[in-house]
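Work through the exercises below with the sequence and the model open side by side. Each task is followed by a solution that goes step by step.

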Amino acid sequence: MSQDIFLHHYPTSPFAEKIRAIMGYKNLAWKSVFQPMVMPKPDMQTLTGGYRRIPILQVGNQIICDTMLICDVLEHLSPEKTLYPAGLKGAARTVAQWADSMLFPVAMAFNFQPAGAAHVFKDQPPENLKAFGADRQAMRGGAARMNPADAAASYKSYLRRISSMLDGQNFLLGDKPSVADFAVYHPLWFTREKTPPLASVLDATPAVLAWMDRMAAFEHGMPSKSDATESIAACAMSMPASSLFGTENTFQDEHGIPLGSQVTIIAESFGLEPSMGELVAATRTRYTLRRVDARAGEVFVHFPRIGFILKKAE
């Protein structure tokens with residue numbers, strides 16, 4: 001692979017930890033670009049055209065949004081140590097989607113009860129916690145976070161289920177990890193590493209703790225420090241690259257919107273900032289927008305179909 005991999009993230013992001021751990025599993029070299037935890041995120045949105053959720057992956061002028069699609073790109077770039085074991089692809093993806101959409105919000109509602117939030121922001125001024133809370137409420141479209149007591153009850157049930165999946169095997173679906181393991185791991189990682197006053201919730205499931213040790217042992221691959229200036233310059237200077245998605249480019253029209261149309265793409269929930277551009281791909285698994293930015297030049301922004309809404313620009 002001739003072009004650098006940039007990961008735009010911040011250290012305490014659980015979804016970024018999912019990708020950092022996969023970098024470790026696949027032993028990949030990558031450039032680390034820290035982005036703000038809360039809005040505004042002007043450098044990141046220069047690349048995405050609006051999308052603000054962390055992390056995003058950048059390869060040249062290709063910007064990949066959402067960890068579901070980032071996992072597919074990393075698999076294409078480095079197919080060794082697959083995330084999608086033969087015979088288990090559907091199960092691995094289904095468990096991963098459950099983890100991202102159901103386990104994650106429950107775990108984070110538990111993690112950000114007052115004792116957890118106080119620990120995360122213990123070395124920061126009080127206004128940072130207030131700003132974080134307001135930012136995340138805006139990302140939820142104003143919807144309330146789950147009550148901590150309800151979250152604790154659900155989290156404990158989910159942990160027992162995860163423990164049951166580990167009976168007689170080292171990973172959730174067998175003797176090797178899959179995308180399911182990395183998706184389940186990252187919200188639990190936050191509990192253990194970022195909210196230690198609450199981490200005793202994991203003690204009732206020792207098999208889960210042992211599995212977490214195995215996951216943590218993958219570490220983060222080979223990161224090197226970078227910044228948004230370097231990544232945007234790399235985007236602007238990028239030459240057309242080979243596809244990050246293999247040969248899967250067949251147009252699949254579900255909306256009656258032809259390629260070449262100006263469209264918006266927005267998440268179904270959580271992080272509702274739209275990205276606008278020219279629709280240049282709508283395949284079985286993804287949408288791709290072409291944008292031109294004064295700083296970044298020609299940019300191609302990729303989104304998974306699942307979890308995102310495509311509309312013709314008005």
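Angles between helix axes are named by range: under 35 degrees counts as roughly parallel, over 145 as roughly antiparallel, 65 to 115 as roughly perpendicular, and the rest as oblique. The axes themselves are lines fitted to C-alpha atoms, for helices over the stretch in contact, and the angles run from 0 to 180 degrees between N-to-C directions. Helices (H or I, at least four residues) and strands (E, at least two) are DSSP runs numbered from the N terminus.

This is a predicted model, in which local features need pLDDT of at least 70 and side-chain atom pairs count only at pLDDT 80 or more, while totals for chains, interfaces and linings use all residues. Residues are numbered from 1 along each chain as its sequence is written, and side-chain values use heavy atoms, with hydrogens and water left out.

**Exercise 1. Classify how helix H1 packs against H4 and against H3, and name the residues that make each contact.**

Step 1. Helix H1 covers residues 14-25 and helix H4 residues 89-111; their axes come within 12 Å and cross at roughly 125 degrees. H1 and H4 are therefore oblique to each other. Their contact (heavy atoms within 4.5 Å) is made by Pro 14, Phe 15 and Lys 18 of H1 with Asp 100, Phe 104 and Met 108 of H4.

Step 2. Against helix H3 (residues 67-77), H1 packs at an angle of about 10 degrees, with the axes 11 Å apart. H1 and H3 are therefore roughly parallel to each other. Here H1 contributes Phe 15, Lys 18, Ile 19, Ile 22 and Met 23, and H3 contributes Thr 67, Ile 70, Cys 71 and Leu 74.

**Exercise 2. Describe helix H8: what is its span, where does it bend, and how many of its residues are buried?**

Step 1. Helix H8 runs over residues 179-194, and its 16 residues reach 22 Å from first C-alpha to last, close to the 22 Å expected at 1.5 Å a residue; the expected span is 1.5 Å times one less than the number of residues.

Step 2. H8 bends by about 35 degrees at His 186, with a proline, Pro 187, following within four residues. The bend is the angle between axes fitted to the seven residues ending at a position and the seven starting there.

Step 3. Of the 16 residues of H8, 13 are buried, so that the helix is mostly covered; buried means under 20% relative accessible area, exposed over 50%, and partly exposed in between, with a 1.4 Å probe and protein chains only.

Step 4. The axes of H8 and helix H9 (residues 206-216) come within 10 Å and cross at roughly 105 degrees. H8 and H9 are therefore roughly perpendicular to each other. Among the residues in this contact are Tyr 185 and Trp 189 of H8 and Trp 211 and Met 215 of H9.

**Exercise 3. Determine whether His 9 is buried or exposed, and which side chain its own side chain meets in a polar contact.**

Step 1. His 9 belongs to strand S1 (residues 5-9), and with a relative accessible area of 3% it is buried.

Step 2. A polar contact is a pair of N or O atoms within 3.5 Å; within protein, one must be able to donate a hydrogen and the other to accept it, and residues adjacent in sequence count only if both atoms are side-chain atoms. The side chain of His 9 makes such a contact with the side chain of Ser 32, at 2.7 Å.

Step 3. Not counting residues up to four places away in sequence, His 9 also touches several others, including Trp 30, Ile 54 and Pro 55.

**Exercise 4. Locate Pro 55 and Pro 40, and state what kind of peptide bond precedes each.**

Step 1. Pro 55 is in the loop between H2 and strand S3 (56-59), and the peptide bond from Ile 54 to Pro 55 is cis, with omega near 0 degrees.

Step 2. Pro 40 lies in the loop between strand S2 (29-34) and helix H2 (42-48); a cis peptide bond, with omega about 5 degrees, joins Met 39 to Pro 40.

**Exercise 5. Place Ser 238 and Glu 219 in their loops and compare their accessibility classes.**

Step 1. Ser 238 sits in the loop between helix H10 (228-236) and strand S6 (262-267), and at 14% relative accessibility it counts as buried. The Ser 238 side chain reaches the backbone nitrogen of Asn 61 at 3.3 Å.

Step 2. Glu 219 lies in the loop between H9 and strand S5 (222-225), and at 58% relative accessibility it counts as exposed. Although Glu 219 is not a glycine, its phi is positive, about 55 degrees.
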